[in-house]
Amino acid sequence: MAAAKTEEGVLVIGATGLIGVFITRALIGSLKAGEFKRLGVFTSQKTVTEKADLIEDWKSNGLEIFVGSLDDEKDVLAAYEGFDTIVSALGRGALEKQIPLLRLAEATPSITRFFPSEYGTDIEYFPESVHEKPHQNKLKVRAYIRESVKRVQHSYLVTGPFADGYLSKPRVEPRVGGFDVKGKKAWLLGTPEGKISLTTNEDVGKLLAAAIRHPEVAQGKALKVNSFTAIQAEILTEFERQTGAKWESEYTSVEVLQKIEQVAYDAGHPFAVGVTLRRIWTQGGTLYEKRDNEDMGVTDTDTLEVAVRRAIAEQS
């Protein structure tokens, strides 16, 4: 394997969001290990005020904080100055904002690499994936990169579903999956033998840091990574083992998921997107014969046991 490249600096956008926090935490480790010279975060004044403790902690760990608006080109260009790698961890509602961010990156000489916010479901897994509603903004970003980004190299980190969310307690409609630790009940998807590939939040950060270290693997690719693959019955068994109790369980078929999905869209319910994603996962849209973990030197990822332990602790 080629030697890892030392970057001049990495700038994270969306660092305080759901997955951005874990990515930034992993990159702090990389900074301290001397893998690059600078680590910055571009965020809003509102975030600096509301998450002051987190921002101060990051500053104490050597991060540079750039405050501004994603909609202000001057703010973005000022933050870009001197960095060569941009990591976007923007949430679903802000994905289209990556198009002007990419345009400005292409026009900034120091920037050579850009990681769009692709963590999660593979948006080009099935031929029909192009029609899935949750994928549309990510597809627009990929189209823009293909057509307009010529100098800056890109890499997508495709993680599949986040284990932390998949193994959590249902919030709206139990039949779309979840695990109630106190009630000792599991709502599982598909069949007992149905496989699911999951990546923990901690490992998303670890794998993104590895992708930055290994441009010879990551450059121009949609990297397929995960923590582990398990069948539904294994997940249930692990919850039962760790809680020392027999659980009540029921399975939701793909057909029932499709009906719930349609009702949710017809009602304009925001959780419809989540149902679509869970239906895609249940149809096998997270499974690959080979993953890119090992090519980036990542051989130690979280196990089902670790992920379930965290899920139980979260509900305790």
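**A walk from the whole chain to helix H12**

Hi everyone. Let me start with contacts: among those in the chain with a separation of 6 or more, 79% are between residues 24 or more positions apart. Please keep in mind that this is a predicted model.

Now the overall picture. The chain's secondary structure comes to 13 helices and 13 strands. Its radius of gyration is 20 Å, close to the 20 Å that the globule rule gives for 316 residues, so the chain is as compact as a globular protein of that length. If you draw a box along the principal axes, the C-alpha atoms fill roughly 55 × 45 × 40 Å.

What about inside and outside? Of the 316 residues, 53% count as buried. The accessible surface is about 14200 Å², and carbon and sulfur atoms hold 52% of that. As for charges, there are 40 positive and 45 negative ones, and their mean positions lie 1 Å apart.

Let's zoom in on helix H12, residues 272–282. Why do I say that H12 is largely enclosed by the rest of the structure? Because eight of its eleven residues are buried, where buried means under 20% relative accessible area. You can find them in the model: Ala 272, Val 275, Thr 276, Leu 277, Arg 278, Arg 279, Ile 280 and Trp 281. After the helix comes Gly 284, with a positive phi near 100°.

And what covers those buried residues of H12? The cover includes helix H7 (163–166), strand E9 (185–189), strand E10 (195–198) and helix H11 (254–266).

Let's follow one of those, strand E9. Five of its five residues are buried. On one side you have Lys 185, Trp 187 and Leu 189, and on the other Ala 186 and Leu 188, so to speak two faces, both covered.

Which strands does E9 pair with? One is strand E8, residues 178–180, which pairs with E9 in the antiparallel sense over three bridges. Here Asp 180 stands opposite Lys 185. E8 and E9 make a hairpin with four residues between them, and in the turn Lys 184 has a positive phi of about 55°.

Another partner is strand E13, residues 248–252; E13 and E9 run parallel and are joined by five bridges. Look for Ala 186 in E9: its bridge partner in E13 is Ser 249.

So, to retrace our steps: E9 is among the elements covering H12, and E9 pairs antiparallel with E8 and parallel with E13. Thanks for listening!

Conventions: Residues are numbered from 1 along each chain as its sequence is written. This is a predicted model: local features need pLDDT of at least 70, side-chain atom pairs count only at pLDDT 80 or more; totals for chains, interfaces and linings use all residues. Side-chain values use heavy atoms; hydrogens and water are left out. The radius of gyration is taken over C-alpha atoms; the globule rule is 2.2 Å times the number of residues to the power 0.38. Buried means under 20% relative accessible area, exposed over 50%, partly exposed in between (1.4 Å probe, protein chains only). Contact means heavy atoms within 4.5 Å. Accessible areas come from the Shrake-Rupley method with a 1.4 Å probe; for residues, only the protein chains shown count as cover. Lys and Arg count as positive and Asp and Glu as negative; His and the chain ends are not counted. The place of a charge is taken as NZ of Lys, CZ of Arg, CG of Asp or CD of Glu. Two strands pair if DSSP finds at least two bridges between them.
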